[in-house]
Amino acid sequence: MAAPENVKHLEECSVANAMGTWFFSVAGALVAIPVGIKRKSLAPLVFFGTTGTMLDIIMGISQCEREHAERQAKLLEAQASAADTSFTETSQS
């Protein structure tokens, strides 16, 4: 189970990445506007707008999880090298 500080960091990172991404939201709106005008309906705007927003959120969360996994791998690597160093020092004594 993850420590509370790791969960808090993931939540903060996820919110920051979800708020910081906008590419798919804008792309969805740019596609939806002409389609909506042609069909004389707001349904394409709702569909493409929400789809783009969801893609932005998913991309932000996956980027955050990737960063978190990299951070955990570095921590494990540092712990392993520290353990190897202390084991080497102990065995040489």
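Helices here are DSSP runs of at least four residues, numbered from the N terminus. The model is predicted.

Start with the whole chain. Colour by secondary structure: 3 helices and 0 strands appear, and from the N terminus the order of elements reads α-α-α. Buried residues amount to 14% of the 93 residues. The chain exposes about 7,200 Å², with carbon and sulfur atoms supplying 68% of that area. Among contacts in the chain with a separation of 6 or more, 75% join residues 24 or more positions apart.

Next, select residues 43–92, which form helix α3, and pick out Asp56 within this helix. Is Asp56 buried or exposed? Asp56 is buried, yet has no salt bridge. Now select Arg66 as well: this is the nearest side chain of opposite charge to Asp56, and it is 12 Å away. A salt bridge needs a side-chain nitrogen within 4 Å of a carboxyl oxygen, so this pair does not count as one.

Keep Asp56 selected and show what touches it. Leaving aside residues up to four places away in sequence, Asp56 is in contact with Thr21, Trp22, Phe23, Phe24 and Ser25.

Then turn to the surface and select Ile33, Ile37, Leu42, Leu45 and Val46, which make a nonpolar patch of about 500 Å². The elements giving two or more residues to this patch are α2 (23–39) and α3.

End on one member of the patch, Leu45, which lies in helix α3. How is Leu45 classed, with a relative accessible area of 38%? Leu45 is partly exposed, because 38% falls between the 20% limit for buried and the 50% limit for exposed.

Note on methods
Residues are numbered from 1 along each chain as its sequence is written. This is a predicted model: local features need pLDDT of at least 70, side-chain atom pairs count only at pLDDT 80 or more; totals for chains, interfaces and linings use all residues. Side-chain values use heavy atoms; hydrogens and water are left out. Buried means under 20% relative accessible area, exposed over 50%, partly exposed in between (1.4 Å probe, protein chains only). Lys and Arg count as positive and Asp and Glu as negative; His and the chain ends are not counted. Contact means heavy atoms within 4.5 Å. Patches are made of residues with over 30% relative accessible area and no salt bridge: like charges are joined within 9 Å, nonpolar side chains (Val, Leu, Ile, Met, Phe, Trp, Tyr) within 5 Å. Accessible areas come from the Shrake-Rupley method with a 1.4 Å probe; for residues, only the protein chains shown count as cover.
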